[in-house]
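Here is a set of questions about how the descriptive words used for a protein model are earned. Each answer sets a value against its cut-off and then draws the conclusion.

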Amino acid sequence: MNTDPIDNRYATGERFTTNLGIWRAAREACTDEVWNYLNCGTGDEVTLRANTADFDKWQWKTPLFAGIGRPDTATQFLGHSLSFPAFIAPFGGGEYMLDAEGHRATGRAARDVGIRQIVPVAAAHSLEDIATASGVAQMFQVTFVGDVGAVVDMMHRAKAAGYEQIVATYSPIRQWRERMIEDRTRFAPGKAEANFGPGLSDPAALREQIAFSQPRWGWAEAREAIARAPLPILVKGVMSADEAKQCLDAGAMGLYVSNYGGRSIDRQPSAISALPQVRAAAGPDVPIIFDSGIRRGSDIAAAVALGANAVALGRAVGFGLAADGEAGVRRVLQILKDEYWTTLGHLGCNSTADLGPHVFI
Ligand SMILES: Cc1cc2nc3c(=O)[nH]c(=O)nc-3n(C[C@H](O)[C@H](O)[C@H](O)COP(=O)(O)O)c2cc1C
């Protein structure tokens, strides 16, 4: 059987062959409201655009006669064996609008293509349910807010369900997402609350968190939660060298460079422009995940070359989920993996470990 990914594009009976096909199908499948939920940023969406546009500033230096074989895309990250260096990013709140199976579907697709997902606390299915659906170890995203003990309890629950790391997030105040405000988008009551349903934990807690009525944490609470956490913590939203140092000093095991895909506050710098300084501040050995703006396998290669150990895929996966549910996500992941493979080869890299700043002009 021919295993060449490009040949397979022609031979395949799959519905989609490239990202372009997925994007078109996703747009057709979504109402305007759902499309805006998935695609919106905040304010004028300057950061949203910069997240993708700034990848274009990094141009490849492609070596002649590099003498490479077929690149190996696989990598290891924090005990997870990944067929390429990617996770599915946590996208919660309204993921059920893209497909009713939500993170159960994305988790199975990730498993099938050989990667893992980061499950959000604000999900339409409980963390136990999502863990059972894929049957593989994943990471769990929890918002650092409210009672420290309740957050620690939630992390214990995640550990008991088989999650291996915690992604800690901080969300200071509601976000000015004009497309959603104009559309009067409201999530169906109870839909993002599977982790807080009756018999699980206090349902009022997440409701209040979503309403942003709880006081936000300072470093003292963050430190305490990290110290009491039963699993290693990666802090998401690190965008500067100073923050990188503060997080590590507070006990974080890893960092997660992200501006939430431009969904928090407009005129933050693009995430890719922040990555090199975070890696420089963290040193070579601290695990770093990167997201915000990854749309292609070549973006994954650029982020790894600039210091990420792995990326997370947000809207790219959302498009697949909207286009064709679980099968659509599987297809997106396969496409990104194949694009990453061809990028490695053209850069003269036999593997992920060969990527570094030398691949840029
Ligand atoms: C529809 C949607 C919902 C999201 N919900 C969450 C969430 O519940 N928790 C979280 O940490 N990040 C959330 N994010 C941010 C993503 O995890 C990720 O940081 C972002 O999508 C990366 O940017 P990209 O979409 O350009 O790849 C969400 C993003 C989207 C698009």
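**Reasoning from values to words**

In this predicted model, helix 11 (residues 241-249) and helix 12 (residues 271-282) pack with their axes 8 Å apart and at an angle of about 40°.

Q: Why are helix 11 and helix 12 called oblique to each other?
A: The angle between the two helices is about 40°. Angles under 35 degrees count as roughly parallel, 65 to 115 as roughly perpendicular and over 145 as roughly antiparallel, with the rest called oblique. The pair falls into none of the named ranges, and helix 11 and helix 12 are therefore oblique to each other. The crossing of these two helices is right-handed.

Q: Which residues make the contact between helix 11 and helix 12, and how do they divide by class?
A: Helix 11 contributes Ala241, Ala244, Lys245 and Leu248, while helix 12 contributes Gln277, Val278, Ala281 and Ala282. By class, the contact of helix 11 with helix 12 holds six nonpolar residues, one polar and one charged.

Q: What makes helix 3 roughly antiparallel to helix 14?
A: Helix 3 (residues 32-39) and helix 14 pack at an angle of about 155°, and their axes are 10 Å apart. Because angles over 145 degrees count as roughly antiparallel, helix 3 is described as roughly antiparallel to helix 14. The residues in contact are Trp35, Leu38 and Asn39 of helix 3 together with Arg315, Gly318 and Phe319 of helix 14. The contact of helix 3 with helix 14 divides into three nonpolar, two polar and one charged residues.

Q: Why is Ser292 called buried?
A: Ser292 has a relative accessible area of 4%, and buried means under 20%, so Ser292 counts as buried. Ser292 is found in the loop between strand 9 (288-290) and helix 13 (297-305). Not counting residues up to four places away in sequence, Ser292 touches Asn51, Phe55, Ser258, Asn259, Tyr260, Gly261 and Ala271.

Q: What makes the pairing of the side chains of Ser292 and Asn259 a polar contact?
A: A polar contact needs a pair of N or O atoms within 3.5 Å, one able to donate a hydrogen and the other to accept it. The side chain of Ser292 makes such a contact with the side chain of Asn259, at 3.1 Å. The side chain of Ser292 also reaches the backbone nitrogen of Tyr260 at 3.5 Å.

Q: How do you know whether Tyr260 is buried or partly exposed?
A: The relative accessibility of Tyr260 is 25%. Partly exposed covers the values between the 20% limit for buried and the 50% limit for exposed, so Tyr260 counts as partly exposed. Tyr260 lies in the loop between strand 8 (254-257) and helix 12.

Q: What is notable about the phi of Tyr260 and of Leu78?
A: Most residues other than glycine have a negative phi. Tyr260 has a positive phi of about 60° although it is not a glycine. Leu78, likewise not a glycine, has a positive phi of about 50°. Leu78 is found in the loop between strand 1 (75-77) and strand 2 (80-82), and its 26% relative accessibility makes Leu78 partly exposed.

Q: Why does Thr185 count as buried?
A: Its relative accessibility is 15%, which is under the 20% cut-off, so Thr185 counts as buried. Thr185 lies in the loop between helix 8 (178-183) and helix 9 (203-210), and its side chain makes a polar contact with the side chain of Glu33 at 3.2 Å.

Q: How do you know that Ala86 is buried, and what does Ala86 touch?
A: Ala86, found in strand 3 (residues 86-88), counts as buried because its relative accessibility is 0%. Leaving aside neighbours within four places in sequence, Ala86 is in contact with Ile115, Arg116, Ala310, Val311 and Leu313.

Q: What makes helix 13 mostly covered?
A: Eight of the nine residues of helix 13 are buried, among them Gly297, Asp299 and Ile300. What covers the buried residues includes helix 12, strand 9, strand 10 (310-313) and helix 14 (315-346). Helix 13 is followed by Gly307, whose phi is positive, near 125°.

Note on methods
Residues are numbered from 1 along each chain as its sequence is written. This is a predicted model: local features need pLDDT of at least 70, side-chain atom pairs count only at pLDDT 80 or more; totals for chains, interfaces and linings use all residues. Side-chain values use heavy atoms; hydrogens and water are left out. Axes are lines fitted to C-alpha atoms, for helices over the stretch in contact, and angles run from 0 to 180 degrees between N-to-C directions. Helices (H or I, at least four residues) and strands (E, at least two) are DSSP runs, numbered from the N terminus. A crossing is left-handed if the near helix is turned anticlockwise from the far one by less than a right angle, and right-handed if clockwise. Contact means heavy atoms within 4.5 Å. Ala, Val, Leu, Ile, Met, Phe, Trp, Tyr, Cys and Pro count as nonpolar, Asp, Glu, Lys and Arg as charged, and the others, Gly among them, as polar. Buried means under 20% relative accessible area, exposed over 50%, partly exposed in between (1.4 Å probe, protein chains only).
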